[in-house]
Amino acid sequence: MTYKSGFVSIVGRPNVGKSTLMNDMVGEKIAIMSDKPQTTRNTIQAVYTDEEAQIVFMDTPGIHKPKNKLGEMMVKSASDAFKNVDSIIFVVDDSRTIGKGDSLIIENLKKTSTPVFLVINKIDKIDNKEDLFEMIRMYDDLNVFKEIIPTSALKGSNIDSLIKVIKRNLNEGPKYFPDYMVTDQPERVLVSELIREKVLHYTNDEVPHGVAIEIEKMKERKGKDLIDISAVIYCERNSHKGIIIGKQGKKLKGIGKSAREEIEFLLGTKVNLQIWVKVKENWRNLPNYISYFGLKEEI
């Protein structure tokens, strides 16, 4: 049997479910998830492997109009994902019309010779099947997409069909990663992203985009099934620091507890997690700090 492999970029507007979709396809939580846009900041590689094929997925930041240096970096990272891949998955949500953001991405997709598959996500929100058929016809008339696959990443619907479509269009190739490997991200990065996810969940819309996480220490205690982790949540304003900590520290305690539980599951061991909150004003416009917080792409 011929073994297949390839690299697949996942692109789309913010908040259409790209990270959830990728996690579903790989079968593990690799990228953090939130109902807030621009959750993903870096291109994250996740690996799907079975006896027939290996697919290396590249989850990208949502393409949007940038408002700061960090935003510029995110958009550049997403745009670069069109290059040097075997196929592209373009994810849209249940919107019945094609908005400006999607139109911009589609215009860029028209310029590439790479096969593009359209995923209409969040079909669990579409009650009328005729509405879904109309959406499929609307996108099919653009003559951009090799295939159109409706899914619900939240419900896990039609993910197997999407995997089959991708595998069918791969070329013969080697395994780039071992069978056990599901991501190229170091444990420190995964831990920091899990903490940032909890900040997104526990705070309001004013705070999250100005938040970065630094893992100061991550060390296993000798002779004990325990890892000590010290982390700092950086925000841009003193008012944001107060929001993250919350009244009598309750919000920060909630962030820490829910993060610790997921980190323990990720690492397979008990975790002693200590979190502090510090202010670094305007860090999203300071290239040195963007790089310091692990966002390595050139701006």
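Which residue in E9 is the bridge partner of Lys 219? In this predicted model, the partner is Asp 228, and the pairing belongs to a small part of the chain that is a convenient place to start. Strands E8 and E9 run antiparallel and are joined by eight bridges. The hairpin that they make has five residues between the strands, and one of the residues to look for here is Gly 223, with a positive phi near 75 degrees.

The hairpin is part of an open sheet of three strands, ordered E8-E9-E10, in which the pairing is mixed. Strand E8 (212-220) and strand E10 (270-279) form the edges, each pairing on one side only. From one strand to the next, the twist averages 15 degrees. Whereas E8 and E9 are antiparallel, strand E9 (residues 226-235) pairs with E10 in the parallel sense, over 10 bridges. To find this second pairing on the screen, one may look for Ile 229, whose bridge partner in E10 is Leu 273.

Two helices accompany these strands. Helix H8 (residues 250-267) packs on the sheet and touches E8, E9 and E10, with its direction at about 140 degrees to that of E10. Helix H6 (residues 187-202) also lies across E8, E9 and E10, and runs at about 130 degrees to E8.

Attention now turns to the nonpolar interior. The largest nonpolar core has 26 residues, and those touching the most other members are Leu 21, Met 25, Ile 55, Phe 57, Ile 89 and Ile 166. At least two residues of this core come from each of strand E1 (4-12), helix H1 (18-26), strand E2 (44-49), strand E3 (53-59), strand E4 (87-92), strand E5 (116-120) and helix H5 (159-168). Helix H5 makes the largest contribution, with five residues. A second core is separate from this one and holds 23 residues, among them Val 191, Ile 244, Ile 263 and Val 271. As general background, nonpolar side chains tend to be buried together in soluble globular proteins.

Helix H3 (residues 100-109) offers a clear view of two sides of one helix. Its residues Asp 102, Ile 105, Ile 106 and Leu 109 are buried. These four lie on the same side of H3 because they cover an arc of only 100 degrees around the axis. Lys 100 and Leu 104, on the other side of H3, are exposed. The packing partners of the buried residues of H3 are E1, E4, E5 and H4.

Finally, the aromatic rings deserve a look. The whole structure contains three aromatic pairs. One of them joins Phe 90 and Phe 145, which are stacked, with 6.1 Å from centre to centre and 20 degrees between the planes. This pair links distant parts of the chain: Phe 90 sits in strand E4, and Phe 145, 55 residues away, is in the loop between helix H4 (129-140) and strand E6 (147-150). Tyr 139 and Phe 145 make an edge-to-face pair, because their planes stand at 65 degrees, with the ring centres 6.3 Å apart. Together, Phe 90, Tyr 139 and Phe 145 form one aromatic cluster.

Are these three rings buried or exposed? Phe 90 counts as buried because its relative accessibility is 0%. Tyr 139, at 1%, is likewise buried, and Phe 145 also counts as buried, at 11% relative accessibility.

Terms used
Residues are numbered from 1 along each chain as its sequence is written. This is a predicted model: local features need pLDDT of at least 70, side-chain atom pairs count only at pLDDT 80 or more; totals for chains, interfaces and linings use all residues. Side-chain values use heavy atoms; hydrogens and water are left out. Two strands pair if DSSP finds at least two bridges between them. Axes are lines fitted to C-alpha atoms, for helices over the stretch in contact, and angles run from 0 to 180 degrees between N-to-C directions. Contact means heavy atoms within 4.5 Å. A nonpolar core is a set of buried Ala, Val, Leu, Ile, Met, Phe, Trp, Tyr and Cys residues joined through side-chain atoms within 4.5 Å. Buried means under 20% relative accessible area, exposed over 50%, partly exposed in between (1.4 Å probe, protein chains only). Rings of Phe, Tyr and Trp (its six-membered ring) pair if their centres lie within 6.5 Å; planes under 30 degrees apart count as stacked, over 60 as edge-to-face and the rest as tilted. The arc is that of the directions from the helix axis to the C-beta atoms.
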